[in-house]
Amino acid sequence: MFFSNSVKNYENPKRQYEEEVLVLDETDEVYKLVLHNDDIHTFDEVIEALIQICKHEPIQAEQCTMLIHYKGKCTVKTGSIDLLKPMHDKLISRSLTSEIV
């Protein structure tokens, strides 16, 4: 019995994969948490916030901070609105300028 189910999925794995991807695309809306540059916060403050709030690794936080400084903004996290909203609120509470797009 188990073998016959496996054969069914094995007959056309590409189609099975494509169907799963389509379902994910339809159900998962991906938002971006964008952090903007300002003249108030130091590099260390922004790095610390990204590590504590967005759960970045130190090197990731440093790279995002450099992008924010030189490009004016950076997407620091992607995901559902439910994931990003608390992070956005915590960044705002530290007077950092962020938005969810």
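**Entry 1: Lys77**

I began with Lys77, which comes out as partly exposed, because its relative accessible area is 23% and the partly exposed class runs between 20% and 50%. I note here that I am working with a predicted model, so I read every value below as computed from that model. Placing Lys77 in the fold, I found it in strand S2, which covers residues 73-79. I then listed what Lys77 touches, leaving aside residues up to four places away in sequence, and obtained Tyr31, Lys32, Leu33, Cys54, Leu84 and Met87. For Cys54 I looked up the atoms as well: its backbone oxygen lies 2.9 Å from a polar atom of the Lys77 side chain. I also took the C-alpha to C-alpha distance from Lys77 to His88, which is 10.0 Å, for a separation of 11 residues in sequence.

**Entry 2: Ser98**

From His88 I moved on to Ser98, since the side chains of these two residues are joined by a polar contact of 2.6 Å. Ser98 belongs to strand S3, residues 98-100. Is Ser98 buried or exposed? I found it buried, because its relative accessible area of 8% falls under the 20% cut-off. Its contacts, again without residues up to four places away in sequence, are Leu33, Val34, Leu35, His36, His88, Leu91 and Ile92. Leu33 is thus among the residues that Ser98 touches, and it is also among those touched by Lys77.

**Entry 3: the largest pocket**

I next looked up the largest pocket, whose volume is about 150 Å³. Its lining consists of 13 residues, and those closest to the pocket centre are Asn37, Asp38, His41, Val46 and His69. Which elements give two or more residues to this lining? I recorded strand S1 (31-36), helix H3 (43-53) and helix H4 (58-71), and H4 gives the most, with 3 residues. Sorted by class, the lining holds 5 nonpolar, 6 polar and 2 charged residues.

**Entry 4: the whole chain**

Last, I turned to the protein as a whole, where I counted 5 helices and 3 strands, following one another along the sequence in the pattern α-α-β-α-α-β-α-β. Of the 101 residues, 25% are buried, and Ser98 belongs to that class. Taking contacts between residues at least 6 apart in sequence, I noted that 65% of them join residues at least 24 apart. The protein exposes about 7,600 Å², of which carbon and sulfur atoms supply 55%.

Conventions
Residues numbered from 1 in each chain as written. Predicted model: local features only at pLDDT ≥ 70, side-chain atom pairs only at ≥ 80, totals over all residues. Heavy atoms only, no water. 1 Å grid on protein atoms, 1.4 Å probe; cavity = no way out; pocket = protein on both sides within 12 Å on 5 of 7 lines; lining within 4 Å. Points joined across faces, edges and corners; volume = space filled by probe spheres on them. Helix = DSSP H or I, 4+ residues; strand = E, 2+ residues; numbered from the N terminus. Nonpolar A, V, L, I, M, F, W, Y, C, P; charged D, E, K, R; others polar. Buried < 20%, exposed > 50% of the residue type's maximum accessible area, 1.4 Å probe, protein only. Contact = heavy atoms within 4.5 Å. Areas by Shrake-Rupley, 256 points an atom, 1.4 Å probe, with all protein chains shown as cover. Polar contact = N/O pair within 3.5 Å; in protein donor to acceptor, adjacent residues only side chain to side chain.
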